[in-house]
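Please go through the chain below with its strands in mind. The briefing takes up the sheets, then the chain as a whole.

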Amino acid sequence: MREYKGRGPRRKKPGRVAMGLWSIAGVMGGGLLFAAPAQAAAPTDCPPTYACLWGDTAFKTGGATASVIKLKQYIPALRPFSYYGTSRTGHDSASSVFNNGSTDTAYFFKNENHGGAWFKKSTNDGDSDFTNGSPPGSFNDSLDSVYFATLFVPIGG
Ligand SMILES: [Ca+2]
Ligand SMILES: [Ca+2]
């Protein structure tokens, strides 16, 4: 409706325009429906604005989704951190991650201080299983630092 007012009374075939808009809405709706199964829902224990790591696959550590390491900015070394409620270190142990941040891509590195190989996850995206061969492959039990893009972006990132 707003668009009609902006374009003024000269337009004489509002019906056709309306159909065009409906067609676009239809295509977008179909695309969203098609994409829905591929997009992971944020795990409940990774709150908005955080990136999260778990020691095991399926966003769990020892069977608990609440047993998480989470960050809002960066963790230069995961070694001193342990998954919530456990004594299990974050060093070389994460097997699933999720970026539930608001805007920033999160970067996950094999070495401390953003060193070594890395992969990234945009907001509302994650990987539930580092061991299944799908990207990011070869990162299982190897992560040692995590940065949101406002803090560090690697070359090529
Ligand atoms: Ca693990
Ligand atoms: Ca490592």
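**Two sheets in a predicted model**

Strands β3, β8, β5 and β6, in that order, make up an open sheet of 4 strands with antiparallel pairing. Its edge strands are β3 (74-75) and β6 (115-121), each of which pairs on one side only. Here two strands pair if DSSP finds at least two bridges between them; strands (E, at least two residues) and helices (H or I, at least four) are DSSP runs numbered from the N terminus. This is a predicted model, in which local features need pLDDT of at least 70, side-chain atom pairs count only at pLDDT 80 or more, and totals for chains, interfaces and linings use all residues. Residues are numbered from 1 along each chain as its sequence is written, while chains are lettered from A and ligands numbered from 1 in the order in which they are written.

**Pairing in the sheet β3-β8-β5-β6**
- Strands β5 (residues 106-111) and β8 (residues 145-148) run antiparallel and are joined by 4 bridges.
- F108 has V146 of β8 as its bridge partner.

**The sheet β2-β1-β4-β7**
- Another open sheet has 4 strands in the order β2-β1-β4-β7, again with antiparallel pairing.
- β2 (69-71) and β7 (125-127) are its edge strands, each pairing on one side only.
- Strand β4 (residues 96-99) pairs with β7 over 3 bridges in the antiparallel sense.
- The bridge partner of N99 in β7 is D125.

**The whole chain**
- The protein chain has 2 helices and 8 strands, in the sequence pattern α-α-β-β-β-β-β-β-β-β.
- Of the 157 residues, 29% are buried (20 or more other C-beta atoms within 10 Å of the residue's own, C-beta atoms being placed from the backbone).

Terms used:
Buried ≥ 20, exposed ≤ 12 C-beta atoms within 10 Å, placed from the backbone.
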